[in-house]
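Trainee: Could you pick one buried spot in this model and take me through it slowly? I'd like a helix packing example after that, if there's room.

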Amino acid sequence: MEDVIKIRGGRKLNGEVHISSAKNAAVALIPAAVLANHVVTFLDIPNISDIDSLVELLEFLNVNVIRRQNTLVIDPGEIQNVTMNHEAVTRLRASYYFLGALLGRFKKVKMKMPGGCDLGPRPINLHLKGFEALGAVVDYDNGFYTIEAEHLHGNNIYLDFASVGATINIMMAAALADGRTTIENAAKEPEIIDVATLLNKMGAEIRGAGTDIITIDGVKELSGCVHEIIPDRIEAGTYIIIGAACGEHVKVNNVIPQHLDALLSKLQDMGVKMNVGSDYVEIFASDNLHAVDIKTLPYPGLATDLQQPLTTLLTKAVGVSKVTETIYPERFKHCHELNKMGADIEVYNGQSIINGPTPLHGDVLTATDLRCGAALIIAGLIGEGETVIRDAYHIYRGYDSIKEKLRALGADIE
Ligand code: EPU
């Protein structure tokens, strides 16, 4: 796969863009399918490389997978619980969902340390604490986790932090445990509701997903089902920000606007002209943007995944904006790249200060992680001249057909 994206900036974008299904739902739903004893079908899988990695991992587990266009049919009938030492485990964070799924199904899993975007420390202690509370013993040796239980039993689990990954992993392991599990201070992201919906269609008994207390009554087995995945709120937010940065009239379709309340409200404060429909958001040419302060928080607060794209937009706003990152205090590598393009951003102690407006000019940049890549694409679209983004593979991990979608809006990108 080509690894460099080139953008000639300065064009005004116009038209419509269709948002794909949610990456961060899909990457949990696919491992969850191995809990079933029959075929699970997903109708609208996004075309991103994280899905390719998960399909490789399913096949490594001897799961039969058929992928045709956006449909993914997963038959775990012949699954073998082998040690997950496949190289794809380290390509993405979400391979850790096989810990909960395989532990739930086989009461044992052995897997090497998952990878993913470098956003600073990303411990999984809360996942492990949850598995232990369900009766599992966790061992870490030579880069491998072995997690094993005689049998899994329900328990009350309080999460010190409302972790998305820990909430989903515990739900998966508890779905086939004996008795009732309660997760307190559970994460409330829409992707968690989507995973609970899938598991319930498979026969699980999960209530409260989307609130901070989730109750899981273990069942004996889970069957197959057909599932449609929710739209990707981070992809949608990214295109809405693109519309605000360089759109004349951009319509972003297949959106659940409530999932984006925190972003839309900030954009309104900045003076972005928008029309929010039932399942779309229209953005109109917006000049004279005002600086704002933003703080990333667990859902329904402003998503950390949109902090990086939003920072690029803030370089266009008049005044001083402050960004406080409470989820990943080191998620600021994009700022150094933006400064090369002429931005005036200082970073310290989990915060960035953006002095705007600063015109941006093209440069040779590096996408250090997925959402940094998105931030740089937006910078390339608004910047004067040519921007070259290296290590574009990070971007293809999470943005379906991004070059095609942007070209359809009139961008000069290859
Ligand atoms: N945390 C712990 N211990 C744990 C788990 C998390 O201390 O056991 C901390 C993390 O270090 C972090 C915070 O809790 O400070 C939040 O982590 P969380 O577990 O909620 O995040 P995650 O499940 O690892 C998912 C998304 C991320 C997104 C975060 C926050 C997936 C595969 N990844 O990660 O998405 O930033 O939630 O919303 O769903 C992205 O798409 O670019 C991305 C990084």
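Mentor: Let's fix the word first: buried means under 20% relative accessible area, exposed means over 50%, and partly exposed is in between, using a 1.4 Å probe and protein chains only. Keep in mind that this is a predicted model, where local features need pLDDT of at least 70, side-chain atom pairs count only at pLDDT 80 or more, and totals for chains, interfaces and linings use all residues. Numbering runs from 1 along each chain as its sequence is written, and side-chain values use heavy atoms, without hydrogens or water.

Now look at Val255, in the loop between β14 (247-253) and α8 (261-270); helices (H or I, at least four residues) and strands (E, at least two) are DSSP runs numbered from the N terminus. With a relative accessible area of 3%, Val255 is buried. Beyond the neighbours within four places in sequence, Val255 has contacts (heavy atoms within 4.5 Å) with Ile19, Ala236, Leu260, Ser278, Asp279, Tyr280 and Val281. Arg233 sits 22 residues away along the chain from Val255, yet their C-alpha atoms are 7.0 Å apart.

For the helix packing, try α3 (residues 97-106) and α5 (residues 164-175): their axes come within 7 Å and cross at roughly 15°. Axes here are lines fitted to C-alpha atoms, over the stretch in contact for helices, with angles from 0 to 180 degrees between N-to-C directions. The contact uses Tyr97, Leu99, Gly100, Ala101, Leu103 and Gly104 of α3, plus Val164, Gly165, Ile168, Asn169, Met172 and Ala173 of α5.
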